[in-house]
Amino acid sequence: MFCLHALMDNCCCAKRFFTFSTYHEPRSNLRHVPAVRDSRFIRRDVAPGDVKPWENSFEYEWYFRDVTDLDNEMLVKPSKPKSNAMLPLRPHGPNIEDFLEAAHDHPSKYMTMEKMVVHPDSKREPRPIFPKGRKPPDDNFVNGYKGFLYVSGLVPEIDDVTGEIKDFDAPLHKQSISETVAKLFGVNALHVAPTSPTSAFVGFASKLDAKHAMINCENSLSVKHPTKIERYVEAPEDKMSEAERAFVSKVPGPDSILKVTGLPPNSTSIELFETLFPPGTKLDAMFGPLDEDDYLRISPTTALIHLASADLVSKALKSNGIANNAAILGQRSIQVFRAKRERVFDGWTGFLRSYGKSKLGNRLIVTGEVPPHDLFLSHHDLMHISGLPPNVTLDDLANFFQPFSSDRRDVYGSAHIVRCSRGIPTGSACKKPNRR
């Protein structure tokens, strides 16, 4: 018979140990086996009174005699006695049948089971933060593949007339994005789902295929954006935004504004200043200092910079150093991320319906859109930061937010920088809020 022992602590995170042991009754209490066996278990080719050695074994009396075909002596093998070691029960399903099967196949006489009493707070799940302007792929695309990759940082197609990004909803524009990404990964253009002028999802038959494609494309991810500087020409009042009108009105004249076109959409003002006018150089001494008030982003690929005078704008347009720095600013790397289908709640299952079950949803979640599981559960809440410089570190984040915190900040345990598959920072991070 089986005996169940349970040991529990009184703490909220108690561990429960279940020990199953097999006890046998003394031989004196066992039923007496008659010398003359039941005729059902006497082999026809053995004379009465003849006993085979294996017939006197304990295994034959209690097991083999009932389940073994005794006509085939090869099936009658002495069983190996079970170990007395206390071994953990192998993982099994939530149903009682799964538990009984695992207990039946246990290789030892004793087993241990451990169940953590889970606090409800440890079951929290973060909500993904989807970037603005990204259109999700349709359900047919999501359900048609097993593995997914997400590509961002593509060079957008610029309209020759307006100088802005072409309309994303145009069929020819989407087809061009699909062909560019398909050539990058060596797949058919039908396996690509564009989501914005600079990003797309790629579907694969398996997750292993997606992993191999991500590794094989590492040497072909460098791109160049057509970044250049030019003189600003004031547009008609009705074609200017309110922000642009306010920016132009507060400067001495439009001639003192430098226009930068063909910018990477994810570039920041700090990156623009530090690249065009590197700190500590003659360019910085001539055209600086510049701050946020001297910068305006009028479109994803165009920015305005206010210099001190129109003469400096003319010098900037003639400077080979600034032109080379603008070309360096346009050198980027396409970022590749792993993507997977989100899991959604799908009811309850198991014994007494105590286990929640989930199923695959129709939305794709990209790496970095949810914080790491351990970081999320170890903090009451987190905040998402975007637009960071590409060279930002965890120490920079800790030093920046330290004046707003009453306690000394944990540098490596309270923040996480999102990186692509090559380990390059993406300009986003998750951080613990300040407590004062």
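Buried means under 20% relative accessible area, and exposed means over 50%, with partly exposed in between. Keep that scale at hand for this tour of a predicted model.

**Stop 1: two cysteines.** Select Cys-430. Its relative accessibility is 5%, so Cys-430 counts as buried. Now pick Cys-217. This residue is at 1%, so Cys-217 is buried too. How many disulfides does the structure hold? The count is zero.

**Stop 2: the largest nonpolar core.** Select Leu-149, Val-151, Val-181, Phe-185, Val-202, Ile-334 and Val-336. These residues have the most contacts inside the largest nonpolar core, which has 21 residues. Next, colour the elements that give two or more residues to this core: strand E6 (147–152), helix H4 (171–185), strand E8 (199–204) and helix H5 (207–216). Which of them gives the most? Helix H4 does, with five residues.

Zoom in on Val-151. Beyond its neighbours within four places in sequence, Val-151 is in contact with several residues, including Val-181, Leu-184, Phe-185, Val-202 and Ile-334. Thr-198, Ser-199, Ala-200 and Gln-335 are also in contact with Val-151.

Apart from this core lies another, of 20 residues. To find this other core, select Leu-258, Val-260, Phe-277 and Ala-326, which are among its members.

**Stop 3: an open sheet.** Show the four strands in the order E10-E11-E13-E12; their pairing is antiparallel. The edges are strand E10 (228–231) and strand E12 (295–299), each pairing on one side only. On average, neighbouring strands are turned by 30 degrees against each other, direction ignored.

Look at E11 (residues 257–261) beside E13 (residues 302–306). Four bridges join this antiparallel pair. Click Lys-259: opposite this residue, in E13, stands Leu-304.

Then add helix H9 (residues 310–318). Helix H9 packs on the sheet and touches E10 and E11. The direction of H9 makes about 140 degrees with that of E10.

**Stop 4: salt bridges.** The structure holds eight. Stay on H9 for one of them: Asp-311 with Lys-315, whose closest N and O atoms are 3.6 Å apart. Both lie in H9, four residues apart, about one turn of the helix. Asp-311, at 45% relative accessibility, is partly exposed; so is Lys-315, at 41%.

Move to Lys-135 and Asp-169. Their closest N and O atoms are 2.6 Å apart. This salt bridge links distant parts of the chain, 34 residues apart. Lys-135 sits in the loop between strand E5 (114–116) and helix H3 (139–143), while Asp-169 sits in the loop between E6 and H4.

Finish at Glu-157, which forms a salt bridge with Lys-166 at 3.5 Å between the closest N and O atoms.

Methods
Residues are numbered from 1 along each chain as its sequence is written. This is a predicted model: local features need pLDDT of at least 70, side-chain atom pairs count only at pLDDT 80 or more; totals for chains, interfaces and linings use all residues. Side-chain values use heavy atoms; hydrogens and water are left out. A nonpolar core is a set of buried Ala, Val, Leu, Ile, Met, Phe, Trp, Tyr and Cys residues joined through side-chain atoms within 4.5 Å. Buried means under 20% relative accessible area, exposed over 50%, partly exposed in between (1.4 Å probe, protein chains only). Contact means heavy atoms within 4.5 Å. Two strands pair if DSSP finds at least two bridges between them. Axes are lines fitted to C-alpha atoms, for helices over the stretch in contact, and angles run from 0 to 180 degrees between N-to-C directions. A disulfide is a pair of cysteine sulfur atoms within 2.5 Å. A salt bridge is a side-chain nitrogen of Lys or Arg within 4 Å of a carboxyl oxygen of Asp or Glu.
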